[in-house]
Amino acid sequence: MDVRQLRYLVALADELNFTRAAAREHIAQPALSQQIRRLEDELGLPVVERTTRQVAITDAGELLVARARRILAELEAATDELLAVKGMERGRVRVGTMHTMGPVDVSLVLAIFHERHRGIELTVREEASEELAELLRYDELDLAFLSVTERVESHGIGLHQLVLEELVVLLPVAHRFARRRGLTIAELASEEFISFREGARLRELLWSAARSAGFEPNVKLESNESGRIRRLVSRGMGVAILPRSDAEAPGAEVAVAALTDPPLARDITLAWREGRRHPPAVAEFLALARETFRDQSGEEDRTVAAAGVASDGRRSAHGRAASS
């Protein structure tokens with residue numbers, strides 16, 4: 001087993017296609033197939049199931065892929081550390097973000113970092129918070145901007161909270177509640193909702209609060225774009241629960257009311273895999289993000305544990321908050 005075979009296996013696991021995996025690794029498809037065969041012969045176990053229509057990774061292959069990602073990440077980190085002596089002329093930072101980032105302008109820190117280190121490759125991937133946490137655990141991302149849930153908090157993820165903000169109710173300006181300053185979730189029981197898609201924490205939070213109030217929300221439309229949700233609300237298509245920054249930013253005209261019972265909040269937290277030695281470029285991006293967004297918020301440096309915000313927006317000892 002050698003590093004080249006592990007790299008080819010990871011590419012195949014990502015692409016699930018020999019031709020695409022070979023193109024990604026800049027080798028001929030037969031050569032990649034041959035190396036996978038040699039790997040299987042050495043292991044005495046199949047790592048790939050091949051049919052005429054598709055490629056699948058076996059259970060043994062999945063175990064090896066997870067290890068291979070970490071091995072390759074550590075090798076990349078070692079290479080980057082050596083290159084740091086030359087002033088970070090090369091390297092890569094893979095950043096994950098949620099679909100809605102509120103007051104945290106990730107493009108700002110990306111632009112600052114790029115200006116300082118033009119030789120470093122930057123990539124950005126948008127997913128829900130729990131998916132971002134999994135990508136961190138498997139070293140498919142270096143850092144992520146996410147919101148904390150029970151599952152995100154565990155399993156070796158390091159966390160640094162940047163922002164905590166209130167969730168509010170968005171209503172059409174002609175709605176009967178449009179002049180209300182505050183609403184309870186129970187008062188919205190008969191409404192049609194425009195919500196984030198399944199898997200998004202904001203949707204899960206809506207359902208949890210609604211069920212606690214004795215009803216299941218009638219979700220009429222779904223989107224993972226807060227701007228589109230707001231435009232749909234403005235056109236009378238339903239009501240929505242969004243972070244206050246998204247509700248009050250320039251955009252479609254809507255009425256905004258505080259959610260008083262239960263009060264809800266979401267955090268934006270910078271996350272990484274604990275125990276992984278960060279390459280110099282990743283370590284510098286992490287430090288830059290913490291500095292940039294701490295300065296923007298005007299608040300003291302704080303960790304998720306110190307923030308102590310519950311998933312229903314109230315203070316708690318566990319430090320959990322809603323996520324998108």
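This passage describes the overall make-up of a predicted model, the packing of its first helices, its aromatic pairs and a few individual residues.

The protein contains twelve helices and twelve strands. Its chain runs to 324 residues, and 49% of them count as buried. Contacts across the sequence feature strongly in the tally: among contacts with a separation of 6 or more, 71% join residues 24 or more positions apart.

A good place to begin is the N-terminal end of the chain, with helices α1, α2 and α3. In general, the packing of two helices is described by the angle between their axes together with the distance between those axes. Helix α1 spans residues 3–15 and helix α2 residues 18–25; their axes come within 8 Å and cross at roughly 130 degrees. The two helices are therefore oblique to each other, since an angle counts as roughly perpendicular from 65 to 115 degrees and as roughly antiparallel over 145. The crossing of α1 with α2 is right-handed. On the α1 side, the contact involves Arg7, Tyr8, Val10, Ala11, Leu12, Asp14 and Glu15, while α2 contributes Phe18, Arg20, Ala21, Arg24 and Glu25. By residue type, this contact consists of six nonpolar and six charged residues, with no polar ones.

Helix α1 also packs against α3, here at an angle of about 110 degrees and with the axes 10 Å apart. That angle makes α1 roughly perpendicular to α3, and the crossing of this pair is left-handed. From α1, the residues taking part are Arg4, Gln5, Tyr8, Leu9 and Leu12; from α3, they are Leu32, Gln35, Ile36, Arg38, Leu39 and Glu42. The contact of α1 with α3 comprises six nonpolar, two polar and three charged residues. Tyr8 and Leu12 deserve a second look, as they appear in the contact of α1 with α2 and also in the contact of α1 with α3.

The remaining pairing in this group is that of α2 with α3, whose axes come within 8 Å and cross at roughly 100 degrees. These helices are therefore roughly perpendicular to each other. Phe18, Thr19, Ala21 and Ala22 of α2 meet Gln29, Leu32, Ser33 and Ile36 of α3. Five nonpolar and three polar residues make up the contact of α2 with α3, and no charged residue takes part. Phe18 and Ala21 of α2 thus serve in the contact with α3, having also been listed in the contact with α1. Likewise, Leu32 and Ile36 of α3 meet α2 as well as α1.

Helix α3, which covers residues 29–43, also holds Glu40. Although its side chain is of the charged type, Glu40 counts as buried, at 8% relative accessibility. Apart from residues up to four places away in sequence, Glu40 touches Leu45, Pro46, Val47, Val48 and Arg50. Gly61 lies 21 residues from Glu40 along the sequence, with a C-alpha to C-alpha distance of 9.3 Å.

Turning to the aromatic side chains, the structure holds two aromatic pairs. One is formed by Phe113 and Phe285, whose rings sit edge-to-face, 5.4 Å from centre to centre and with 65 degrees between their planes. This pair bridges distant parts of the chain, as Phe113 belongs to helix α5 (residues 106–116) and Phe285 to helix α11 (residues 280–297), 172 residues apart. Phe113 counts as buried at 0% relative accessibility, and Phe285 is likewise buried at 0%. In the other pair, the ring centres of Phe145 and Phe293 are 5.9 Å apart and the planes meet at 85 degrees, so this pair is edge-to-face too. Here strand β5 (residues 143–146) supplies Phe145 and helix α11 supplies Phe293, the two being 148 residues apart. Both Phe145 and Phe293 are buried.

Helix α11 also includes Ala283, which is partly exposed, with a relative accessible area of 36%. The C-alpha atoms of Ala283 and Leu143 are separated by 9.6 Å, although these positions lie 140 residues apart in chain numbering.

Finally, Arg276 is located in the loop connecting β12 (265–273) and α11. This residue is buried, with a relative accessible area of 8%. Setting aside neighbours within four places in sequence, Arg276 is in contact with Ala73, Glu74, Arg94, Asp139, Leu141 and Asp142. Of these partners, Glu74, Asp139 and Asp142 are among those of the charged type.

Conventions. Residues are numbered from 1 along each chain as its sequence is written. This is a predicted model: local features need pLDDT of at least 70, side-chain atom pairs count only at pLDDT 80 or more; totals for chains, interfaces and linings use all residues. Side-chain values use heavy atoms; hydrogens and water are left out. Axes are lines fitted to C-alpha atoms, for helices over the stretch in contact, and angles run from 0 to 180 degrees between N-to-C directions. Helices (H or I, at least four residues) and strands (E, at least two) are DSSP runs, numbered from the N terminus. Angles under 35 degrees count as roughly parallel, over 145 as roughly antiparallel, 65 to 115 as roughly perpendicular and the rest as oblique. A crossing is left-handed if the near helix is turned anticlockwise from the far one by less than a right angle, and right-handed if clockwise. Contact means heavy atoms within 4.5 Å. Rings of Phe, Tyr and Trp (its six-membered ring) pair if their centres lie within 6.5 Å; planes under 30 degrees apart count as stacked, over 60 as edge-to-face and the rest as tilted. Buried means under 20% relative accessible area, exposed over 50%, partly exposed in between (1.4 Å probe, protein chains only).
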